[in-house]
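Here is a friendly walk through one structure, taking a few spots in turn. Have the picture handy as you read.

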Amino acid sequence: MSIQVFGIQVSRGVAIGRAVLVASSRVDVAHYYIGADLVPQEIDRLRVARNAVAEELEALKADMPPEAPHELSALLDVHLMLLRDETVIAATKQWVQERHYNAEWALSAQLEVLARQFDEMEDAYLRERKADVEQVVERLLRELGRVTSEGLRTPATPAPAGLASMPVPAAVTAARDFAGEDPLVLVAADVAPADMLQFKRSIFNGFVTDVGGRTSHTAIVARSMDIPAVVGAREASRLIRQDDWVVIDGDAGVVVVNPSPIVLEEYRFRQRQSELERARLSRLRHTPAVTLDGQVVELLANIELPGDAVAALEAGAVGVGLFRSEFLFMNRGGSLPDEDEQFEAYRAVVTSMHGLPVTIRTVDVGADKPLDRPGSGEGRHDHGLNPALGLRAIRWSLAEPGMFRQQLRAMLRAAAFGPVRILVPMVAHLSEMLAIREAVARARQQLQDAGRAHGAVSVGAMVEVPAAAVMIEQFFRHFDFVSIGTNDLIQYTLAIDRADEAVSHLYDPWHPAVLTLLHQVIAGATARGKPVSVCGEMAGDSAFTEVLLSFGLRSFSMHPSCVAEIKQRILRADTRQLEAVRLAALSSDSPAADVRAALAGAHA
Ligand code: PEP
Ligand code: MG
């Protein structure tokens, strides 16, 4: 039966594929296809892992002290029985044989099938046995991590805290071209931003998650991958079953499960149309972004990892307006990148941009981007009651001055290879402004004393907290430039958690307070000749292009995939005719509708 699930659109386009359901705690399981010739080998890995787990359980049973409660040994018996149960192992083998899934993927796919069967059981006792199956699968997955493709077991190593420590086999990339396989979409209750990052190299054509808002970091990373995604689709992971055919309509925020042939055909048609549109837009790549009245507009790229610089250049961006450096700090199983490692990453971006400016943001951890670092750093500072209002971004950096200076030194060193701007997130207090300037000066002095090469940088602040927008005059005195982070500015102005789908209907970029603050900062910067940019999602949303131009904005930073569409709007705009748009945005009771009407008038 075909059903529809409604959520929040994250990125454009249509994805059609078979659902791969992944439990939130298991998104770090590697998903890749194996070649037909490797099927016996993969099944052998399963066998070796199963035997090892069985041995481990037998040994536990044998070593059990006589006074141990007999339930414990009964539990081990249940686990041993499950290990030998055909519905676990034989069905898992089938996923490997028929679908060519790697063993870990096959196992977690089968777990999803079984978990659902248990959930539907009438008998409460039997329903609770689901936890046993999960524990057994968990053990098997851990064991598989130690079994090489030759079926050999490597010595036990501490469990990795994140995905990065799990090398994604070369087969993953090759899998995209693996002929004859159905396209796949990922369905999960939730995916952490750090895990989403790993999917950049994965085989999925689209995503659906139950939770999340339009500007949650999970959504932002999904958007940067330029594949259709829907978040906040509440019941999706419960309603969609492993292997269902799913259409993800990223434009409308709708997920269609098991569509009828007619609906499927309609979506396939739309898919082709949007591919054609993209191909058409990509021809604008080398065209400078200049309005009809000759206003030059700078279109910059937002990136998460050094490798994204390639996409920025390919999209025709004239620099990097936001490099979210915190993603270098994630998925590292507990360690943080030292100065040299950071320097190499920053230098890589600077050199790949061939002389174009690179804006590197100092680390913005906290809120919905936690660090996986127990016992130190952000972990040491505890998560607090309300992480979005807690020790986040610059507050975290200033609480870790050694680490902050280390990052600043790495940036200053990278500046010897090309133009670098340092951008600091979430600044709100005068004391922070002074501490930032002092930290930069000290980092520079340290490099000087050590005789290390470094370059000139400009230092800017993000305007993300309403306080910053209100006291923007002070910012201009202490910083060389500002960049407006509308994602957080909206969150903090309207007191709406950007990652919470329950209040996502109130997360409104058209809110008069948001537009007024934006105008105030852009107009203030323009009047003082200070560079100002917008690097939140609004910059890449074509509904706001003329509004931002009418406020005086001439620098936009966005996902590389948005650059062409925004450029097209700029090429068609005439800033001399945007006064009605500016007035509608700033003084109307329904700015969205009135801006649209004003634009229709301007184009008439
Ligand atoms: C923003 O808040 O608009 C921004 C660009 O930063 P981030 O989305 O990483 O919080
Ligand atoms: Mg922000």
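Let's start with ligand 1, which has 17 residues around it. The closest of them are Arg 324, Arg 361, Glu 464, Asn 487 and Arg 498. Keep in mind that this is a predicted model. Three side chains bring an N or O atom up to an oxygen atom of the ligand, and the table gives the distances.

| Side chain | Partner | Distance (N or O atom to oxygen atom) |
|---|---|---|
| Arg 498 | ligand 1 | 2.7 Å |
| Glu 464 | ligand 1 | 2.8 Å |
| Arg 392 | ligand 1 | 3.4 Å |

How much of ligand 1 does the protein cover? On its own, the ligand has 290 Å² of accessible area, and the protein covers 100% of that. Which elements give two or more residues to the shell? They are helix H9 (217–224), strand S10 (320–324) and helix H20 (486–494). H20 provides the largest share, with three residues.

**Salt bridges**

Some of the names above come back when we turn to charges. The structure has 35 salt bridges in total. One of them joins the side chains of Asp 119 and Lys 130, with 3.0 Å from N to O. Since Asp 119 sits in helix H4 and Lys 130 in helix H6 (residues 130–144), this pair ties together parts that are eleven residues apart in sequence. Asp 119 is partly exposed, as its relative accessible area is 45%. Lys 130 also counts as partly exposed, at 21% relative accessibility.

Next comes Arg 361, one of the closest residues to ligand 1. Its side chain meets that of Glu 326 in a salt bridge of 2.6 Å, N to O. Here the link is between distant parts of the chain: Arg 361 belongs to strand S11 (residues 358–361), while Glu 326 is in the loop between S10 and helix H13 (339–352), 35 residues apart. Are these two buried or exposed? Arg 361 counts as buried because its relative accessibility is 3%, and Glu 326 counts as buried because its value is 0%.

Arg 498 is another of the residues closest to the ligand, and it has a salt bridge too: its side chain meets that of Asp 488 at 2.8 Å, N to O. Asp 488 is part of helix H20 and Arg 498 is in the loop between H20 and helix H21 (512–528), so the bridge ties together parts ten residues apart in sequence. Both Asp 488 and Arg 498 are buried.

These pairs also belong to a wider arrangement. A network of salt bridges links Glu 326, Arg 361, Asp 364, Arg 392, Asp 488 and Arg 498.

Now for a contrast. Arg 116, in helix H4 (residues 103–119), is buried but has no salt bridge. The nearest side chain of opposite charge is that of Glu 112, and it is 5.2 Å away. Leaving out residues up to four places away in sequence, Arg 116 touches Leu 21, Ser 237, Arg 238, Ile 240 and Arg 241.

**Two buried residues and their contacts**

Val 482 is found in strand S14 (residues 481–484). It is buried, as its relative accessible area is 1%. Neighbours within four places in sequence aside, its contacts include Ala 461, Val 463, Ile 472, Phe 475 and Phe 476. Val 521, Pro 531, Val 532 and Ser 533 are also among them. Val 534 is 52 residues from Val 482 in sequence, yet the two are 8.6 Å apart in space, C-alpha to C-alpha.

Thr 362 is in the loop between S11 and helix H14 (377–380), and it is buried, with a relative accessible area of 0%. Among its contacts beyond four places in sequence are Ser 325, Glu 326, Phe 404, Gln 407 and Leu 408. The Glu 326 in that list is the salt-bridge partner of Arg 361.

**Two backbone angles**

Which phi values are positive in a residue other than glycine? Ala 393 has a phi near 55°, and Met 426 has one near 60°. Ala 393 is in the loop between H14 and helix H15 (394–399), whereas Met 426 is in the loop between strand S12 (420–424) and helix H17 (430–450). Ala 393 counts as buried, at 0% relative accessibility, and so does Met 426, at 1%.

Definitions and conventions. Residues numbered from 1 in each chain as written. Chains lettered and ligands numbered in written order. Predicted model: local features only at pLDDT ≥ 70, side-chain atom pairs only at ≥ 80, totals over all residues. Heavy atoms only, no water. Helix = DSSP H or I, 4+ residues; strand = E, 2+ residues; numbered from the N terminus. Buried < 20%, exposed > 50% of the residue type's maximum accessible area, 1.4 Å probe, protein only. Lys, Arg positive; Asp, Glu negative; His and termini not counted. Salt bridge = Lys/Arg side-chain N within 4 Å of Asp/Glu carboxyl O. Contact = heavy atoms within 4.5 Å. Near = heavy atom within 4 Å. Polar contact = N/O pair within 3.5 Å; in protein donor to acceptor, adjacent residues only side chain to side chain. Areas by Shrake-Rupley, 256 points an atom, 1.4 Å probe, with all protein chains shown as cover.
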